[in-house]
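User: I am new to this structure and would like a close look at one part of it. Could you walk me through the open sheet and what packs on it?

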Amino acid sequence: MKRFLLVLSVVILALALGACNNSGGAGGSNGDQLVFGYTSMTQNNPFFQVLEEAIREEVEANGDRLITTNPAMDVSLQINQIEDMIAQGIDAIFLNPVDWEGIRPALVMLEEANIPIINYDTEVKDFDYVTAYVGSDNMNAGRVAGQDLVERFPDGGKIAVLDSPTMNSINDRIAGFMEAIDGHGFEVVAQQDGRGDLETSLGITEDILQAQPDIIAIMGGNDPTGLGALAAVRAANRTDIVIYGVDGSPDAKHAISEGSSFVGTGAQSPISIGKTSVEVAYKIMNDEDFEKNTPVETFLINADNVDEYGTDGWQ
């Protein structure tokens with residue numbers, strides 16, 4: 001009889017533990033609380049800081065948790081950090097890749113762990129792994145900058161482009177820019193990888209100004225790139241060159257408002273991207289209908305409308 005009671009107790013305990021382990025159900029792997037992972041190409045960029053804050057605010061308002069990592073432009077580190085988040089039991093992940101192609105091993109791990117991927121801002125190359133994508137209309141963000149350049153220089157001229165081939169968002173922006181200036185007499189005499197980074201772009205622009213003194217404009221793939229170019233142009237005391245970026249960052253808007261060579265930015269909203277990403281994520285987690293691809297509006301900010309958007313924060 002004692003033996004029977006002992007076996008019965010063990011069975012009851014096992015069932016109870018099983019019930020506890022499965023109590024999350026649709027609510028996630030940590031009881032009723034969902035745990036989301038967050039990774040961007042770098043949290044050292046104010047754009048991603050604001051975007052993360054928007055996601056965190058929405059997630060925590062729902063009583064759930066966000067785990068944030070910062071690979072700081074190191075794709076190997078990003079893959080390792082994602083592996084760690086999988087081990088921590090995340091239910092879904094907000095993912096922006098350091099390298100749109102090199103991130104593939106992490107995508108495979110996430111698929112094997114059955115973790116939904118909300119890819120934001122920059123598409124991954126292996127898009128079939130992605131559950132949903134939310135991001136700015138990057139082609140348009142570059143296109144509006146190109147259209148503004150055509151209006152300023154109807155006869156065309158020599159220009160430089162600072163891109164970043166590993167970042168597909170920047171690839172799209174540059175493609176949109178090139179589309180807008182095509183057939184308008186512009187010649188790209190220098191095109192180099194600014195890595196989306198201010199200091200890198202500053203050094204590259206210094207070299208371009210030496211090698212190509214006749215350029216009339218510089219297109220940067222994002223605002224830090226454009227601001228790096230601006231620093232180099234100022235140091236060279238060149239007031240005859242116009243500069244464009246993409247982001248609509250406070251620093252870029254300030255440069256536009258003070259009448260510098262930085263004349264326009266294809267603006268996006270990290271706040272809107274973050275909030276929309278969370279909306280899509282909860283639809284996925286609740287088995288509701290959702291869009292595979294959700295574009296977020298982009299538009300030009302220049303001297304004509306910069307006061308409308310202000311220079312103190314993001315739109």
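Analyst: Happy to help; here is a tour of the sheet, followed by a look at the chain around it. Please keep in mind that this is a predicted model.

Let's begin with the order of the strands. The open sheet is built from six strands, which follow one another as β7-β6-β8-β9-β10-β12, with mixed pairing. At its edges you will find β7, covering 186-193, and β12, covering 299-302; each of these pairs on one side only. Going from one strand to the next, the twist averages 20 degrees.

Now zoom in on one pair of neighbours. Strand β9 (residues 242-247) and strand β10 (residues 262-267) run parallel, and five bridges join them. To see one such link, look for G245: its bridge partner in β10 is T265. A helix also belongs in this picture. Helix α6, residues 168-181, packs on the sheet and touches β6 (157-163), β7, β8 (217-220) and β9. The direction of α6 makes about 165 degrees with that of β6.

Finally, step back to the chain that holds this sheet. The protein chain has 11 helices and 12 strands in its secondary structure. Its C-alpha atoms fill a box of roughly 100 × 35 × 30 Å along the principal axes. Of its 315 residues, 52% count as buried. Among contacts with a separation of 6 or more, 72% come from residues 24 or more positions apart. As for charge, the chain carries 17 positive and 49 negative side chains, and the centres of these two sets lie 6 Å apart.

How values were computed:
Residues numbered from 1 in each chain as written. Predicted model: local features only at pLDDT ≥ 70, side-chain atom pairs only at ≥ 80, totals over all residues. Heavy atoms only, no water. Pairing = 2+ DSSP bridges. Helix = DSSP H or I, 4+ residues; strand = E, 2+ residues; numbered from the N terminus. Axes fitted to C-alpha atoms, helices over the stretch in contact; angles between N-to-C directions. Contact = heavy atoms within 4.5 Å. Buried < 20%, exposed > 50% of the residue type's maximum accessible area, 1.4 Å probe, protein only. Lys, Arg positive; Asp, Glu negative; His and termini not counted. Charge placed at Lys NZ, Arg CZ, Asp CG, Glu CD.
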